[in-house]
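Student: I should like to look closely at a single part of this structure and to understand how its surroundings are arranged. Could you please take me through it step by step?

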Amino acid sequence: KGIGRPNDFLLSHKGTVGNVAWVGENPPPFVCSPQTTFYRSIRADKLDPRYLFFHLQSPPFQEQLRSRLGETDMAPYVSLTEQRRLMLTVPPLAEQRAIAEVLGALDDKIEANRRLVELCDTTWRVTLAGESDTQLVPLSYLATFINGRAFTKDASGTGRMVVRIAELNSGPGGSTVYNDMKVVDDYLARPGDLLFAWSG
């Protein structure tokens with residue numbers, strides 16, 4: 001009693017109430033502090049462990065916890081006695097597993113995205129740190145800026161698309177204007193160009 005096992009879930013019940021963590025499949029030997037409670041499925045054929053993990057984080061369960069916070073004069077606290085009175089929604093096992101599979105896949109995706117952002121940030125910092133000869137220069141040294149013109153006037157409805165802010169925001173649509181008028185080469189947008197809205 002009181003000693004953790006692989007695949008246990010921990011619930012914080014004092015101070016910060018309602019945080020849930022999974023200890024993993026191969027945790028080092030551990031015990032809990034008085035602020036946390038072990039949750040464990042002892043009948044995986046009745047209560048899927050992964051479903052239990054997600055159910056502990058669900059709004060209905062968390063609302064039950066919050067409803068018991070004001071029952072003492074202490075800091076936010078839900079006793080073991082009160083925790084034993086909490087209710088779990090236990091659908092059929094197949095449904096539990098389906099719920100856990102979907103939520104688990106979403107969790108994996110969130111974690112993958114978090115790692116990707118972290119990796120990109122690290123790569124960017126390393127790249128900047130390696131550029132010891134970096135200097136600040138005016139943007140006009142690096143690019144040519146061409147201001148657009150009123151190509152919607154006398155539009156023919158055929159020919160080239162006239163790119164406006166609407167097209168920058170949403171792409172071409174029913175209100176997109178087309179014009180086959182002849183224009184100077186500088187005003188033709190090409191692959192690799194950057195379009196920047198500076199008005200409106």
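Tutor: Helix 1 is mostly covered, with 6 of its 8 residues buried. The buried residues are Tyr51, Leu52, Phe53, Phe54, His55 and Leu56. Please keep in mind that this is a predicted model. Among the elements of the chain, helix 1 has the highest mean pLDDT, 94, while helix 4 (residues 93–130) has the lowest, 85. For the chain, the average pLDDT is 87, and 94% of the residues score at least 70.

Consider first the N-terminal end of helix 1, which is capped by aspartate 48. A side-chain oxygen of aspartate 48 lies 3.1 Å from the backbone nitrogen of arginine 50.

Next come the aromatic rings. The whole structure contains 5 aromatic pairs. In one of them, phenylalanine 9 and phenylalanine 53 have ring centres 5.3 Å apart and planes at 25 degrees; the pair therefore counts as stacked, since the planes are under 30 degrees apart. This pair links distant parts of the chain, for phenylalanine 9 belongs to strand 1 and phenylalanine 53 to helix 1, 44 residues apart. Phenylalanine 9 and phenylalanine 53 are both buried. Together with Phe54, these two residues form one aromatic cluster.

Another aromatic pair joins tyrosine 39 and phenylalanine 61. Its arrangement is edge-to-face, with 6.4 Å from centre to centre and 90 degrees between the planes. Because tyrosine 39 lies in strand 3 and phenylalanine 61 in helix 2 (residues 59–67), the pair ties together parts that are 22 residues apart in sequence. Tyrosine 39 and phenylalanine 61 are both buried.

The stacked pair leads from helix 1 to strand 1, and strand 1 leads on to strand 3. Strand 1 (residues 9–14) and strand 3 run antiparallel and are joined by 4 bridges. Within this pairing, leucine 11 stands opposite threonine 37 of strand 3. How are the residues of strand 3 divided between its covered and uncovered faces? Strand 3 (residues 36–39) places Thr37 and Tyr39 on the covered face, and Thr36 and Phe38 on the uncovered one. In a regular strand, side chains alternate between the two faces of the sheet. Over the face of phenylalanine 38 lies arginine 40, at 5.8 Å from the ring centre.

Strand 1 also holds histidine 13. Histidine 13 has a relative accessible area of 5%, and it is therefore buried, the cut-off being under 20%. Its side chain reaches the backbone oxygen of proline 34 at 2.9 Å. Leaving aside neighbours within four places in sequence, the residues in contact with histidine 13 include Thr36, Thr37 and Tyr77. Tyrosine 77 appears in a further arrangement, in which the charged end of lysine 14 sits over its ring, 5.9 Å from the centre.

For contrast, consider glutamine 135, in the loop between helix 4 and strand 4 (160–162). Its relative accessible area is 63%, so glutamine 135 is exposed, the cut-off being over 50%. Glutamine 135 and threonine 81 are 54 residues apart in sequence and, from C-alpha to C-alpha, 65 Å apart in space.

To return to the starting point, helix 1 is mostly covered, and its phenylalanine 53 is stacked with phenylalanine 9 of strand 1.

Methods:
Residues are numbered from 1 along each chain as its sequence is written. This is a predicted model: local features need pLDDT of at least 70, side-chain atom pairs count only at pLDDT 80 or more; totals for chains, interfaces and linings use all residues. Side-chain values use heavy atoms; hydrogens and water are left out. Buried means under 20% relative accessible area, exposed over 50%, partly exposed in between (1.4 Å probe, protein chains only). Helices (H or I, at least four residues) and strands (E, at least two) are DSSP runs, numbered from the N terminus. Two strands pair if DSSP finds at least two bridges between them. Rings of Phe, Tyr and Trp (its six-membered ring) pair if their centres lie within 6.5 Å; planes under 30 degrees apart count as stacked, over 60 as edge-to-face and the rest as tilted. A charge sits over a ring if NZ of Lys or CZ of Arg is within 6 Å of the ring centre and within 35 degrees of the ring normal. A polar contact is a pair of N or O atoms within 3.5 Å; within protein, one must be able to donate a hydrogen and the other to accept it, and residues adjacent in sequence count only if both atoms are side-chain atoms. Contact means heavy atoms within 4.5 Å. pLDDT is the predictor's confidence in each residue, from 0 to 100.
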